[in-house]
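The following exercises introduce a single protein chain. Each task is followed by a solution that proceeds step by step.

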Amino acid sequence: MLARALVVLLLVLNLGVAAWWTLRAPPAAAPDFVPPADVARLRLVSETKKAANAPAPRVAPTTPPAAPAIAPPAAPSTPVASAVPASAASNARCYSIGPFANSAAASNAREVLMAVATRVVPREQRSGSSARGWRVYLPPMASLPEAQATAQRITAAGFNDYFIVRQGAEANSIALGRYRNEDSARRRADSLTAAGFAVRAEPLGEGGPSTVWLDLIAKPEFDPARAEAAVQVPARELDCARIR
């Protein structure tokens, strides 16, 4: 009896579900999805290919606007004079004047030459007639480390023939070579001076009598002939790098 009642109950439930499904109202259609304005729309690969193969719309050619005419600059009515004097563009001129017999004569001549020179440097030199050769050197420096640092710069510049003096009156000086004649010593000194080292060249031994020269950097108005007439000694051109 119980089994029959359960079967009847299930049959009634099935009939009720079938009747509800048959008689229910159709569901409302879902609204179309509208993506937000700031979100790009997804496109299928096939849609992308169709868009790429579609012919581009024809655009009527447009005539570019004509460029405005530019009038040429008017020529100045009068030429403008250069503000830079010609003397400023020329290189510095240097001279060595001498020899003077003594320091007093050189001092008097220096007072005269200062009017036409930006710098006048006295230089004492002994005659090389009885000298035992010439030497090139750097004067003593304040300390041994300074002399060693200068020696390193000399090596970096490509000069290897030097010796640091560590004792005596010329301690911390740098010897840069000895030569039999003045020309060789001057060539060595000039090459070192061009590399930025304030070297000196002087004769060895007692030598002849001492003479004084005046090395100067000339002003534009300097005239060698008038300078010679004023101090009564010849003037010869000098490499400005040798003036210290």
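**Exercise 1. The chain as a whole**

What area does the protein chain expose, and what share of it do carbon and sulfur atoms supply? Describe also the secondary structure and the contacts.

Solution. The model is a predicted one. Step 1: the exposed area of the protein chain is about 18100 Å², and carbon and sulfur atoms supply 60% of it. Step 2: the chain contains seven helices and eight strands. Step 3: of its 244 residues, 25% are buried. Step 4: among contacts with a separation of 6 or more, 79% are made by residues 24 or more positions apart.

**Exercise 2. A nonpolar patch**

Which residues form a nonpolar patch on the surface? Determine whether Leu10 is buried or exposed.

Solution. Step 1: the patch consists of Leu2, Leu6, Leu9, Leu10 and Leu13, which together have about 530 Å² of accessible area. Step 2: Leu10 belongs to helix α1, which covers residues 2–23. Step 3: a residue is exposed when its relative accessible area is over 50%. Leu10 has 52% relative accessibility and therefore counts as exposed.

**Exercise 3. Salt bridges around Arg135**

How many salt bridges does a search of the whole structure find? Identify the partners of Arg135 and state where they lie.

Solution. Step 1: the search of the whole structure yields four salt bridges. Step 2: one bridge joins Glu170 to Arg135, with their closest N and O atoms 2.9 Å apart. This pair links distant parts of the chain, for Glu170 sits in the loop between β4 (163–164) and β5 (174–179), while Arg135 sits in strand β3 (residues 134–138), 35 residues apart. Step 3: Glu202 also forms a salt bridge with Arg135, and here the closest N and O atoms are 2.8 Å apart. Again distant parts of the chain are linked: Glu202 is in strand β6 (residues 200–203) and Arg135 in strand β3, 67 residues apart. Step 4: the burial of each partner is read from its relative accessible area. Arg135, at 14%, counts as buried. Glu170 is partly exposed at 30%, and Glu202 is partly exposed at 28%.

**Exercise 4. A salt bridge within one helix**

Where do Glu182 and Arg186 lie? Describe their salt bridge, and then name the residues that shared partners join into one network.

Solution. Step 1: the side chains of Glu182 and Arg186 meet in a salt bridge, at 3.3 Å from N to O. Step 2: both residues lie in helix α6 (residues 182–194), four residues apart, or about one turn of the helix. Step 3: residues three or four places apart in an α-helix point the same way because there are 3.6 residues a turn. Step 4: Glu182 is partly exposed, with a relative accessible area of 30%, whereas Arg186, at 15%, counts as buried. Step 5: salt bridges with shared partners join Arg135, Glu170 and Glu202 into one network.

**Exercise 5. The two sides of helix α5**

Which residues of α5 are buried? Check the span of the helix, and describe its faces and surroundings.

Solution. Step 1: helix α5 (residues 144–156) has 13 residues, so at 1.5 Å a residue it should span 18 Å; its end C-alpha atoms are 18 Å apart, in agreement. Step 2: its buried residues are Ala147, Thr150, Ala151 and Ile154. Step 3: seen down the axis of α5, these buried residues fall within an arc of 105° and therefore line one face of the helix. Step 4: the face turned away from the buried side of α5 carries the exposed residues Pro145, Gln152 and Ala156. Step 5: the cover over the buried residues of α5 includes β3, β4 and β5. Step 6: just after α5, Gly158 adopts a positive phi of about 100°.

Methods: Residues are numbered from 1 along each chain as its sequence is written. This is a predicted model: local features need pLDDT of at least 70, side-chain atom pairs count only at pLDDT 80 or more; totals for chains, interfaces and linings use all residues. Side-chain values use heavy atoms; hydrogens and water are left out. Patches are made of residues with over 30% relative accessible area and no salt bridge: like charges are joined within 9 Å, nonpolar side chains (Val, Leu, Ile, Met, Phe, Trp, Tyr) within 5 Å. Accessible areas come from the Shrake-Rupley method with a 1.4 Å probe; for residues, only the protein chains shown count as cover. Helices (H or I, at least four residues) and strands (E, at least two) are DSSP runs, numbered from the N terminus. Buried means under 20% relative accessible area, exposed over 50%, partly exposed in between (1.4 Å probe, protein chains only). The expected span of a helix is 1.5 Å times one less than its number of residues. The arc is that of the directions from the helix axis to the C-beta atoms. Contact means heavy atoms within 4.5 Å.
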